[in-house]
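User: Could you take a close look at the ligand site in this structure for me? I'd like to know what surrounds the ligand and what the empty spaces in the protein look like.

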Amino acid sequence: MYGLVNRAVEEMIRTRFGDETWARIKAEAGVEAEAFVRMDSYPDCLTYALVEAASRVLEQPAGRLLEAFGEYWTLYTGQEGYGELLRASGRDLWELLQNLDGLHARIGLVYERLTPPSFHCTDIGPDSLVLHYHSAREGLAPMVIGLVKGLGQLFGTPVHVAQILDRVQGADHDAFRIRAAAAA
Ligand code: 1MF
């Protein structure tokens, strides 16, 4: 994945747990790079190693860290110059969720080594929809839950997210029921 992802992991851990904890996690993960370059492409196993090491060092389940990271990612990329792209991809949360492939296609035009996941929506109602998530990568469903919650905050539409299909349980893809938290 692009270095931007590893940088976001680093920033989340440094700001919440401090530089020393980050150094321990990096060492535990066997990561030697001094700093991650946003536009460089890194092997996925490096990112997974960081999450596993963080889980051991912080004594938190990897899924919980991934969900927190998903929320962090929406705020982080907003600050890193992708806020415009997010807002240009949908006028509200529902529109954005239905346009995630379009968003990734635009990023992929510039960054050719992007391996984007694919999303589509079904059961679309005013306060609820089902988001289907297909990915070449495994184990990142908790991150998607955090992403959707983070986007909900960004758009001023807080949401509840429940996973209704799970690859870990043998389903062929992951899916989430998303409900607007308040009657908006
Ligand atoms: O292949 C990749 O490197 C990659 C990196 C990030 C693929 C996807 C993403 C974003 N994605 C992370 C979870 C991946 C899960 C999976 O592969 O199954 C989050 C996708 C997402 C889902 C819901 C809502 C919003 C989402 O993301 C918005 C987004 C997506 C990509 C970027 C920014 C915001 C992005 C922008 C620039 C990138 C890489 C990703 O590359 C850069 C960055 C800086 C300088 C040069 C290149």
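Analyst: Happy to help; what follows starts at the ligand and then moves on to the pockets and the cavity. Please keep in mind that this is a predicted model.

Let's begin with the shell around the ligand. It holds 25 residues, and the closest of them are Met39, Thr115, Tyr133, Ser135 and Arg137. Two of these names come back when we look at polar atoms. An N or O atom in the side chain of Tyr133 is 2.5 Å from an oxygen atom of the ligand, and for the side chain of Arg137 the distance from an N or O atom to a ligand oxygen is 2.7 Å. Tyr2 takes part through its backbone, with an N or O atom 2.9 Å from an oxygen atom of the ligand. As for burial, the ligand on its own has 880 Å² of accessible area, and the protein covers 99% of that.

Which elements build this shell? Those that give two or more residues are α1 (3–17), α4 (62–88), α6 (100–110) and α7 (141–154). The biggest share comes from α6, with four residues. By class, the shell has 19 nonpolar residues, four polar ones and two charged ones.

Now for the space itself. The ligand occupies the largest pocket, whose volume is about 960 Å³. Its lining counts 42 residues, and Val5, Trp73, His104, Leu114 and Met143 are the closest to the pocket centre. Here α1, α3 (44–58), α4, α6 and α7 are the elements that each give two or more residues. So that you can set the two lists side by side: α6 gives the most to the ligand shell, whereas α4 gives the most to the pocket lining, with nine residues. The lining divides into 29 nonpolar, eight polar and five charged residues.

The second largest pocket has a volume of about 170 Å³. Tyr133 and Arg137 appear again in its lining, together with Glu138, Gly139, Leu140, Ala141, Pro142, Gln163, Asp166, Arg167, Val168 and Asp174. That means two residues with side-chain atoms at the ligand, Tyr133 and Arg137, also line this pocket. By class, its lining has five nonpolar, two polar and five charged residues.

Finally, there is the enclosed space. A search of the whole structure finds one cavity of 30 Å³ or more, and its volume is about 80 Å³. Val9, Met12, Ile13, Leu50, Val51, Ala54, Leu65, Leu66 and Phe69 line this cavity. The elements that give two or more residues to the cavity lining are α1, α3 and α4; these three helices are also among the elements that line the largest pocket. The cavity lining consists of nine nonpolar residues, with no polar and no charged ones.

Definitions and conventions: Residues numbered from 1 in each chain as written. Predicted model: local features only at pLDDT ≥ 70, side-chain atom pairs only at ≥ 80, totals over all residues. Heavy atoms only, no water. Near = heavy atom within 4 Å. Polar contact = N/O pair within 3.5 Å; in protein donor to acceptor, adjacent residues only side chain to side chain. Areas by Shrake-Rupley, 256 points an atom, 1.4 Å probe, with all protein chains shown as cover. 1 Å grid on protein atoms, 1.4 Å probe; cavity = no way out; pocket = protein on both sides within 12 Å on 5 of 7 lines; lining within 4 Å. Sits in = over half its atoms within 2 Å of the grid points. Nonpolar A, V, L, I, M, F, W, Y, C, P; charged D, E, K, R; others polar. Points joined across faces, edges and corners; volume = space filled by probe spheres on them.
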